[in-house]
Each structure stands twice: as C-alpha cells, then as structure tokens.
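How do you get from a distance or an angle to a word such as "buried" or "edge-to-face"? Have a look at this structure.

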Amino acid sequence: MTFKELILKGIPTSLSPRKEYKVDADHAPRRKEILSLEEKKLAIRNALRYFPKDWHSELSREFAEELKEYGRIYMFRFKPDYKIYARPISEYPAKSLHAAAIMLMIQNNLDPAVAQHPEELITYGGNGAVFQNWAQYVLTMQYLATMTNEQTLHIYSGHPMGLFPSSKEAPRVVVTNGMMIPNYSKPDDWEKYNALGVTQYGQMTAGSYMYIGPQGIVHGTAITVMNAFRKVLQKDESTAGKIFLTAGLGGMSGAQPKAGNIAGCITIGAEVNPAAAKKRHEQGWVDELIDKMDDLVSRVKSATKNNETVSLAFIGNVVDVWERFDAENIFIHLGSDQTSLHNPWAGGYYPVGLSFEESNTLMSENPEVFKKKVQESLRRQAAAINKHTEKGTYFFDYGNAFLLEASRAGADVMAENQIDFKYPSYVQDILGPMCFDYGFGPFRWVCTSGCAEDLQKTDAIALEVMEEIKSQAPKEIQQQMQDNIKWISEAEQNKLVVGSQARILYADAEGRAKIAEAFNQAIKSGEISAPVVLGRDHHDVSGTDSPFRETSNIYDGSKFTADMAIHNVIGDSFRGATWVSIHNGGGVGWGEVINGGFGMVLDGSEEASRKLKNMLFYDVNNGISRRSWARNDEALFAIKREMQRTPELKVTLPNLVEDEVLENLFD
Ligand SMILES: NC(=O)c1ccc[n+]([C@@H]2O[C@H](COP(=O)([O-])OP(=O)(O)OC[C@H]3O[C@@H](n4cnc5c(N)ncnc54)[C@H](O)[C@@H]3O)[C@@H](O)[C@H]2O)c1
C-alpha cells in the first residue's frame with residue numbers, strides 16, 4: 001500500500017503482526033509503577049477501546065506487558081512502517097490543504113532525526129508527547145486526511161475525540177494537553193492519569209505540533225547572552241575575550257556554546273557526561289574539548305589575552321570550575337547554569353566530588369545519600385558563585401530551577417528580604433523587559449514545499465521587512481530590531497535546519513504581521529512555491545503564564561494566575577488560527593504553568609491575509625496589555641504606541657501610585 005493509502009486506512013482492518021521492540025532506538029525512560037491492580041485493568045480497558053472486540057484477548061496481554069515493562073501502553077504494534085518525516089505538502093492525502101499542513105507538522109515532531117524518543121512519541125524534554133500511543137496517531141492522521149474545511153478535529157491530550165461540524169472561519173484543529181482539575185495537577189497525577197491513558201504532558205511545542213528542532217533554543221539563548229553582555233559592558237565595548245561560564249551540554253543547554261559564538265565571547269560549558277560533551281563537539285556546536293583543569297585554565301588565559309571568540313567544553317563538574325577560577329582570579333563577566341535542576345535527584349544534577357559513574361550508581365543504590373551530596377554540591381556551587389559576584393560577575397538563573405533548588409538546599413542565595421533570590425532570572429532581567437514587554441517573541445514559520453529555496457526566499461523577505469520597519473522604529477526597540485536583522489541575515493550560514501524547512505525570528509506584533517503579509521503575497525504570486533505555516537514557541541509574550549519563567553517579571557501578584565494564556569487561545573481561535581493548543585506544564589513542569597499556542601496556514605488567499613492581521617495582532621497585544629496593566633514600563637510604552645496606531649484598540653491603563661501614598665497606612 002502507498003503512503004496515502006495507509007494514512008486513509010487508519011486502524012488496519014486485520015490485526016497486523018506484533019513488532020519487535022527496537023533495541024537500538026533512543027527509548028524514553030521506564031516510567032514509575034503507580035497504578036493499583038484495578039487501575040491497571042482500567043488502563044487496559046481504556047487502551048482496548050481503539051480496537052475491535054475479537055482482537056482484545058491478544059492485545060490485552062500485549063498491552064499488559066507494555067504497562068509492566070515501560071510503565072505506559074504505547075501500542076508499538078500500530079506504529080506505521082512508512083518513514084515519518086515532514087514530507088512536501090503535496091504528498092499528503094487531504095481534502096483540506098490546511099489539514100495537510102497539520103499532518104506535515106505532526107510528522108516533523110515524530111521524525112527520528114528530530115524527536116528525542118520517537119518510538120514513544122516523545123519529541124523533547126523527556127516526556128513532551130505528541131500522542132500517548134500509536135493508535136491515536138493513526139486515527140488522527142486519518143481524520144486529518146478525510147476532513148473538510150467545514151469540520152473541526154478536537155484532540156484531548158493526544159486522543160482524537162472526533163470531527164465536529166464547524167465553518168471555514170473556525171480552526172481545523174483544537175488541542176488540549178494535560179488540562180486537569182487544578183487540585184489534580186501534582187507530578188504523580190501526571191504519572192497516574194498518563195498511565196491510565198487519559199492525559200499527557202504536551203511540553204510546549206511537542207503536543208502542539210510546532211517543534212522545529214534546536215534552532216528555536218539557539219536564537220533565544222543568543223538573544224539572552226547578547227543582552228546579558230549589554231548589561232555588564234560599556235556601550236560599544238566588544239564581547240571578544242569576555243567570559244561566559246555555564247554548565248550543561250545536553251538537549252537544550254547544548255545551544256549555549258553556539259549562542260556564545262554568535263554573541264562573540266569566550267564560552268566555557270562544563271559537562272560531566274563525556275558522551276554529551278563529545279556529541280556536541282562532533283556536531284560542531286562547541287569548538288574545543290578539554291578534559292584537564294590545568295589545560296582549561298591556560299586555554300582560558302590565552303583566549304582572554306588574545307580577545308578570542310571561542311567555545312570550550314570542559315569535561316568535568318562545573319563546581320570545580322567556579323572554585324578554580326576564583327583561586328586563579330580569572331574574571332567571569334557572565335555566569336549561569338543549565339544543568340537539569342527541574343529533576344535534581346534522578347540525574348539532572350551531578351554533585352561535585354563524585355565521578356559521573358559514581359553518581360549514577362549512588363542515585364539508584366542509595367538515593368538518600370545521593371540527595372545529600374547534591375545539596376552539599378549546590379551549597380558549594382552557590383558559595384563559589386557568590387565569591388565571583390562580589391568581584392563583579394553578573395549571574396542569572398536560566399529557567400532551570402537552579403536558585404530554587406539551591407535555596408531548598410540551604411545555599412546562600414536569598415536576598416535580604418528572605419523572600420526573593422539574590423540573583424535575577426533571565427526573564428526578570430533580560431527577556432521580559434527587553435523582549436516580551438515590547439512584544440518580541442519566538443515567531444516562526446515552516447515552508448511546506450520542503451524546499452530550501454523557499455526558505456531562502458522567506459529569509460530574504462523577512463530581512464527586507466525588518467530593515468524597513470527598523471528605519472521607522474523608535475529608539476526603544478532599535479537594538480532588538482538590529483539583533484533580529486543580524487540573526488536573519490546569518491541564519492542560513494549557521495545551518496540550523498533539522499527536519500522541516502523552518503525558521504525562527506524574534507519579532508514584535510508589527511514585524512510578525514508585516515512579514516506574514518509579505519509571505520502571503522509571495523505565495524499568491526508564486527514566488528514562494530507552496531503554503532507557509534506560521535506559529536511560535538509557547539515561551540512568548542502572551543501564550544504562557546509561568547510564575548518562575550515567562551511571567552516572572554510580573555510584579556502585581558497576578559503571576560500565579562493563568563487568565564492570559566486562556567484568553568490567548570480562545571482569542572486566537574476565533575480570529576483565524578488554523579489550529580490552537582493549550583497545555584498544562586510546558587517547560588518548568590506539570591502544574592507549574594499554563595501555556596498555549598497556534599498554527600496558521602498562509603495559502604496566498606484573501607482570507608489568509610485578513611486572518612493573519614487580525615490574529616497576530618491579538619496574539620501579541622493580549623500579552624502586552626496584561627504586562628502594561630502590571631505596570632511594566634516597557635509594556636506601557638508598547639501598548640500606548642499600538643493604541644496610537646490602531647484606533648479600534650482600547651486597553652485599560654493603570655494609574656501609577658506614588659510610594660508615599662502607601663506609607664504609614666497600617667501603623
Ligand atoms: N531558559 C530557557 O529558555 C531554557 C530552555 C531550555 C531548557 N531550560 C532548562 O535548562 C535545563 C537543561 O535542559 P537540557 O534540555 O539541556 O537538559 P539535559 O538534562 O539534556 O542537560 C543538562 C546537562 O547538565 C549536565 N550536568 C548536570 N550536573 C552537572 C554539573 N554539576 N556539572 C556539569 N554538568 C552537569 C548533565 O550531564 C546534562 O548533560 C532544564 O532544567 C531546562 O528546563 C531552560
């Protein structure tokens with residue numbers, strides 16, 4: 001059968017043979033056993049709902065084995081034999097071109113070259129799922145292939161509930177992931193309800209079909225590092241020869257050296273796992289590998305002396321580097337950490353004084369002792385960082401819970417008020433005020449032809465639009481425009497495409513809409529050969545309510561609410577999004593954040609032009625209005641400017657209160 005026939009068939013009509021477990025694949029970790037005997041039976045009953053009765057006896061035994069072996073029922077038998085990757089849009093069977101674009105995006109998220117654990121339908125972050133099992137994938141693709149532009153597919157945490165009549169104006173797909181009754185959102189609730197097959201963790205762009213590989217994180221990290229340097233250097237002072245010390249060369253932390261090279265500094269990335277460091281070196285993401293501390297010290301001294309731009313991977317523990325650099329009096333301009341401290345006791349953080357292997361043994365054989373070692377190490381790391389910051393180092397938390405876990409370990413990281421941390425998070429100091437509050441965020445697009453030439457054309461169009469906007473832009477956002485112009489003009493040579501022909505570009509409301517409109521016109525004229533999908537990371541201006549990350553620079557007490565993300569997804573859905581998604585937990589963990597996003601297909605039509613203007617405007621200005629209501633200066637500036645440009649926009653503005661009004665009120 002051809003690819004198209006297999007998609008249209010959906011769940012096969014006769015039971016295909018059982019598949020061998022792929023031993024050589026990169027599999028998801030075994031999930032912990034959490035269900036009672038009765039709940040296990042419920043999980044099997046739930047899984048069998050997808051299949052005819054006469055298969056139940058055979059499949060029940062197989063699914064019980066999967067549950068026992070892997071802690072989940074993935075239904076490996078139903079994984080299709082065809083290659084899964086973002087094919088050119090014309091290769092998908094479809095009655096709706098927009099549905100075909102969604103199929104392409106789903107397949108990209110499951111492409112083994114892109115996805116972390118493709119067999120278990122996990123795109124990234126260890127548990128960021130596109131679907132819970134292969135039956136859901138197969139059914140969803142069949143629905144997408146057969147649906148019209150007057151139907152909407154509703155997806156509940158990977159499960160396709162079905163096609164419902166709607167209209168051309170409505171989204172083709174509505175996705176929810178992990179939405180729980182608020183009291184049932186603890187980490188073990190995910191373990192239990194995911195094992196039962198009724199919910200999943202969609203991360204940010206995994207369950208919303210918008211992942212574009214490591215490119216997204218490189219751009220965000222480069223912007224963060226460049227702006228952090230601007231905070232510490234004199235205007236026009238070069239970053240060459242200045243030091244950025246950090247840890248982690250893993251999944252996303254591995255972007256740091258590449259971002260450091262783009263920013264033009266000396267990056268030192270400590271990594272305890274030699275395999276992770278070597279992999280990044282082989283991929284060209286870090287320039288040099290060093291495994292001896294003395295060699296690191298002399299290499300850093302020579303790089304500083306020669307004002308080099310270079311990235312160095314040190315195979316070893318970052319705590320040793322912080323301490324030795326203090327002893328050597330090596331001045332660190334920027335310091336951060338991207339070990340996986342959202343997962344401190346099971347391999348996210350390796351304590352100093354133990355080898356990588358010793359740690360791995362200790363964490364499974366004596367977890368209590370291991371926990372103590374991690375906490376001791378965090379106290380030592382914080383003490384060494386404090387010595388550097390006293391000498392002038394700028395240290396920031398990188399959204400990995402470093403300060404949170406260090407504080408829980410009793411490290412000296414609390415501010416005088418004993419409520420806040422001594423050091424800011426990257427959103428509080430950098431991305432929030434410099435980007436999100438002005439509306440700049442990780443806008444992205446995918447060329448559905450699959451042709452590199454189309455991507456080149458979109459890069460050129462975006463560059464032209466950005467240059468035009470910059471020539472009129474106020475001084476407050478000149479720097480952001482300049483950074484994005486540099487990024488897009490160098491994007492192709494940085495060779496960042498993995499999987500679909502995609503590009504990320506931090507742009508504001510005006511930039512996003514103008515670039516999108518220019519793409520739509522180029523599709524209409526045939527300059528671009530096929531539709532373009534627009535989207536963004538959920539880690540953005542309006543999409544995400546996350547008190548320890550995206551909304552950590554909201555100081556009116558509302559950072560623990562999630563109204564903004566909900567308004568965003570509802571507002572986008574009736575303004576023209578092709579699909580919308582809302583998730584619990586992306587980035588910082590289940591129960592800690594609500595995040596949403598959209599996808600929009602540009603097909604060169606008049607409707608696309610109308611929809612993009614309406615929806616992209618709301619998608620960004622929703623968040624700016626909320627940030628301005630929270631009294632953030634930059635957002636107040638941006639929303640007032642937008643109201644001048646757009647008379648139909650009327651946002652409630654805050655009256656600012658003088659400090660003295662509050663003095664002696666409750667004495
Ligand atoms: N700020 C952001 O935009 C952002 C983006 C992505 C990830 N994050 C956070 O950053 C963290 C890292 O993400 P990841 O995908 O790279 O995780 P990862 O687990 O793949 O990589 C972390 C690496 O740190 C290494 N490591 C642990 N302890 C160490 C130590 N003491 N010294 C040296 N190396 C050590 C590990 O060996 C591992 O390779 C996560 O907590 C994630 O949530 C933040």
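The questions below put values from this predicted model against the cut-offs behind the words.

Q: Why is Cys 265 not counted in a disulfide with Cys 435?
A: A disulfide needs two cysteine sulfur atoms within 2.5 Å. The sulfur of Cys 265 has its closest cysteine sulfur in Cys 435, 17 Å away, so the two are too far apart for a bond.

Q: How many disulfides does a search of the whole structure find?
A: The search finds zero.

Q: What makes Cys 265 count as buried?
A: Buried means under 20% relative accessible area. Cys 265 is at 0%, so it counts as buried.

Q: Is Cys 435 buried or exposed?
A: Its relative accessibility is 3%. The limit for buried is under 20%. Therefore Cys 435 is buried.

Q: Which two values describe a pair of aromatic rings?
A: The distance of the centres and the angle of the planes.

Q: How many aromatic pairs are there by this rule?
A: The count is 27.

Q: Why is the pair of Phe 131 and Tyr 137 called edge-to-face?
A: Rings pair if their centres lie within 6.5 Å, and planes over 60 degrees apart count as edge-to-face. Here the centres are 6.0 Å apart and the planes stand at 80 degrees, so the pair is edge-to-face. Both Phe 131 and Tyr 137 are buried.

Q: Which residues form one aromatic cluster with Trp 55?
A: The cluster holds Tyr 50, Phe 51, Trp 55, Phe 63 and Phe 78.

Q: How do you know that the charged end of Lys 83 sits over the ring of Tyr 85?
A: The charge must be within 6 Å of the ring centre and within 35 degrees of the ring normal. For Lys 83 and Tyr 85 the distance is 5.3 Å, and the charged end does sit over the ring. Lys 258 sits over the ring of Trp 285 in this way, 5.1 Å from its centre.

Q: What makes Asn 317 a polar contact of the ligand?
A: The limit for a pair of N or O atoms is 3.5 Å. A ligand nitrogen is 3.2 Å from an N or O atom in the Asn 317 side chain. That is a polar contact. The side chain of Tyr 426 also has an N or O atom 3.2 Å from a ligand nitrogen. At Val 272 a polar backbone atom is 3.3 Å from a nitrogen of the ligand.

Q: How much of the ligand does the protein bury?
A: Alone, the ligand exposes 850 Å², and the protein buries 88% of that.

Conventions:
Residues numbered from 1 in each chain as written. Predicted model: local features only at pLDDT ≥ 70, side-chain atom pairs only at ≥ 80, totals over all residues. Heavy atoms only, no water. Polar contact = N/O pair within 3.5 Å; in protein donor to acceptor, adjacent residues only side chain to side chain. Areas by Shrake-Rupley, 256 points an atom, 1.4 Å probe, with all protein chains shown as cover. Buried < 20%, exposed > 50% of the residue type's maximum accessible area, 1.4 Å probe, protein only. Phe/Tyr/Trp six-rings, centres within 6.5 Å; stacked < 30°, edge-to-face > 60°.
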